[in-house]
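The following exercises introduce a protein structure to a reader who has not met it before. Each task is followed by a solution in steps.

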Amino acid sequence: MIKLWVGAFALSELYVSCLVHMLYGFYIFSSAVASDILQSLNASFRPGTQALVKEKECKNMKVDDLPPIVLVHGIFGFGKGRLGGLSYFAGAEKKDVRVLVPDLGSLTSIHDRARELFYYLKGGRVDYGEEHSKIYRHSQFGKVYEQGHYPEWDEHHPIHFVGHSAGAQVVRVLQQMLADRAFSGFDTTSDSWVLSLTSLSGALNGTTRTYLDGMQPEDGRSMKLVCLLQLCRLGVIVYEWIDISWLKNYYNFGFDHFNLTRKKTGIWGVVDCLLGHTGPFASGDWILPDLTIQGSMIINSKLNTFPNTYYFSYATKRTQKIMGVTLPSGIRGIHPLFFIRVLQMSQWRHPPDVSPPFKGYRDEDWHDNDGALNTISMTHPRIPTEHPSHFVVDDSKCQALQPGIWYYKILEADHILFIVNRERAGVQFDLIYDSIFQRCRKHAFVKTPPIVPNQSQL
């Protein structure tokens with residue numbers, strides 16, 4: 001009888017989670033469509049306005065000497081050009097005259113996204129790597145960038161990166177690839193190509209949410225038979241197979257190099273994919289396995305914190321301690337998309353019959369969270385080796401900033417407070433992004449470590 005109640009509760013939770021995520025996805029999609037329609041109507045009534053504004057902006061720009069600030073989106077994210085005029089970073093890119101917002105695969109693996117990011121900047125045809133492509137059974141080559149968005153990129157023209165969620169880990173993997181000279185035809189890459197990396201709610205050490213959504217804690221690679229991720233998997237496969245061009249131009253999960261379309265696979269191909277025999281979900285070459293604690297450990301074991309790069313991290317949480325118990329910090333401050341997960345993650349218990357993901361793991365260390373990631377995971381790289389770090393409590397008393405050290409601060413926020421909808425964050429939105437951009441422009445050029453200005457945010 002108890003098992004029946006537990007099963008019924010699990011199915012109810014799955015139904016609610018699925019419904020909430022679908023409604024939020026529909027809200028985002030409909031908002032983008034509405035924004036496009038309004039822009040089209042405005043353009044038709046005032047056809048000369050946009051051209052005049054752009055011309056005026058170009059005349060005022062003197063940005064040749066400024067290194068770009070590249071904003072890298074997280075899971076289910078999108079860059080400039082997707083979802084119409086909707087901005088993943090809620091318009092933060094308008095705060096500086098030289099900001100790039102690449103569109104990477106929203107569900108593709110960390111490795112594949114890092115490769116895409118390189119060619120987005122340098123130009124050329126995306127090369128996922130011969131060995132990697134053979135292992136995961138997809139095409140070696142992908143999209144062609146006729147003109148890179150920053151083709152002069154090298155150690156003398158480095159870049160500032162700001163990564164949200166999984167985007168932060170994408171930049172770390174890219175930097176390691178640069179250090180390893182892993183791009184064919186580019187023999188002079190180095191870690192110095194990255195001037196600074198700012199992690200905003202960054203997935204640096206994985207998250208226990210992956211297990212709640214359906215990843216198996218035993219291996220961090222396979223999925224439970226009935227779970228939210230299985231529903232997501234089925235929906236993505238059908239979306240990719242139907243291959244409606246205008247719809248994929250509007251939003252793309254990024255699996256084009258797996259050739260899942262109906263023209264290339266046919267009926268039996270999609271059946272094989274749905275049954276889990278082929279495709280990214282069968283091979284494990286997608287984002288969720290990389291976000292488990294085990295998957296993050298595998299990635300982190302190959303990554304370094306480099307001595308010439310400045311690292312900054314904003315960790316977020318929406319939990320509080322009440323009589324020694326971690327609970328959500330109120331209802332109003334947490335987005336409906338995350339409230340159930342904040343509660344579940346704050347009470348997470350690793351299965352007692354399964355070996356812990358790493359030596360020294362404790363459930364209580366992973367209870368503080370923002371609804372998507374554990375706060376402990378967002379501060380700095382910790383597992384399997386802890387990287388140099390400095391916790392910032394009071395900005396005015398912060399020591400001189402030095403490259404090669406992860407400076408981190410903990411903020412009261414859920415996982416999407418600083419993206420998509422800037423009204424939710426209010427003045428805190430401007431404080432965060434202003435401080436990030438000011439630091440990129442003022443603190444990373446000098447050879448001697450600067451002092452953090454006395455501001456309300458790092």
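**Exercise 1. A residue of a surface patch**

In which helix is Ile242 found? Determine also whether Ile242 is buried, partly exposed or exposed.

Solution. The model is a predicted one.
- Step 1. Ile242 belongs to helix H7, which covers residues 228-242.
- Step 2. The relative accessibility of Ile242 is 34%. Partly exposed covers the range between under 20% for buried and over 50% for exposed, and Ile242 therefore counts as partly exposed.
- Step 3. Together with Val238, Ile244 and Trp246, Ile242 forms a nonpolar patch on the surface. The accessible area of these residues together is about 360 Å².

**Exercise 2. Another residue of helix H7**

Establish whether Leu229 is buried or exposed, and list the residues that Leu229 touches beyond four places in sequence.

Solution.
- Step 1. Leu229 has its place in helix H7.
- Step 2. Leu229 counts as buried because its relative accessibility is 7%.
- Step 3. Leaving out residues up to four places away in sequence, Leu229 touches Thr210, Asp213, Gly214, Met215, Met223, Trp286 and Leu288.
- Step 4. For Asp213, which is 16 residues from Leu229 along the chain, the C-alpha atoms of the two residues are separated by 5.9 Å.

**Exercise 3. The salt bridge of Asp213**

Identify the salt-bridge partner of Asp213 and state where the two residues lie.

Solution.
- Step 1. Asp213 forms a salt bridge with Arg341, and their closest N and O atoms are 2.7 Å apart.
- Step 2. This pair links distant parts of the chain: Arg341 is in helix H13 (residues 339-346) and Asp213 is in helix H6 (residues 209-213), 128 residues apart.
- Step 3. Both Arg341 and Asp213 are buried.
- Step 4. The structure holds 16 salt bridges.

**Exercise 4. The open sheet**

In what order do the seven strands of the open sheet follow one another, and which strands stand at the edges?

Solution.
- Step 1. The order is E2-E1-E5-E6-E7-E11-E10, with parallel pairing.
- Step 2. Strand E2 (99-100) and strand E10 (389-391) each have a single partner strand, so one side of each is left without a neighbour in the sheet, and these two strands stand at the edges.
- Step 3. Within the sheet, strand E7 (residues 310-317) pairs with strand E11 (residues 406-412) in the parallel sense over seven bridges. Here Ala315 stands opposite Ile410 in E11.
- Step 4. Helix H5 (residues 166-179) lies across strands E1, E5, E6, E7 and E11, and runs at about 140° to E5.

**Exercise 5. Backbone geometry in three loops**

Which features of the backbone are found at Ser165, at Met323, and between Ile383 and Pro384?

Solution.
- Step 1. As background, most residues other than glycine have a negative phi, and most peptide bonds are trans.
- Step 2. Ser165, although not a glycine, has a positive phi of about 55°. Ser165 lies in the loop between E5 and H5 and counts as buried because its relative accessibility is 5%.
- Step 3. Met323 likewise is not a glycine and has a positive phi of about 55°. Met323 lies in the loop between E8 and E9 and is exposed, with a relative accessible area of 83%.
- Step 4. The strands around Met323 are E8 (residues 319-322) and E9 (residues 325-328), which pair in the antiparallel sense over four bridges. Ile322 stands opposite Val325 in E9, and the hairpin has two residues between the strands.
- Step 5. Ile383 and Pro384 are joined by a cis peptide bond, with omega about 0°. Pro384 is placed in the loop between helix H14 (375-378) and E10.

**Exercise 6. The chain as a whole**

How many helices and strands are there in the protein chain, and what percentage of its residues count as buried?

Solution.
- Step 1. The protein chain has 16 helices and eleven strands.
- Step 2. Of its 458 residues, 53% count as buried.
- Step 3. Among contacts with a separation of 6 or more, residues 24 or more positions apart account for 70%.
- Step 4. The chain exposes about 21700 Å², and carbon and sulfur atoms supply 59% of that area.

Technical notes:
Residues numbered from 1 in each chain as written. Predicted model: local features only at pLDDT ≥ 70, side-chain atom pairs only at ≥ 80, totals over all residues. Heavy atoms only, no water. Patch = residues over 30% accessible without salt bridge, like charges linked within 9 Å, V, L, I, M, F, W, Y side chains within 5 Å. Areas by Shrake-Rupley, 256 points an atom, 1.4 Å probe, with all protein chains shown as cover. Salt bridge = Lys/Arg side-chain N within 4 Å of Asp/Glu carboxyl O. Buried < 20%, exposed > 50% of the residue type's maximum accessible area, 1.4 Å probe, protein only. Pairing = 2+ DSSP bridges. Contact = heavy atoms within 4.5 Å. Axes fitted to C-alpha atoms, helices over the stretch in contact; angles between N-to-C directions.
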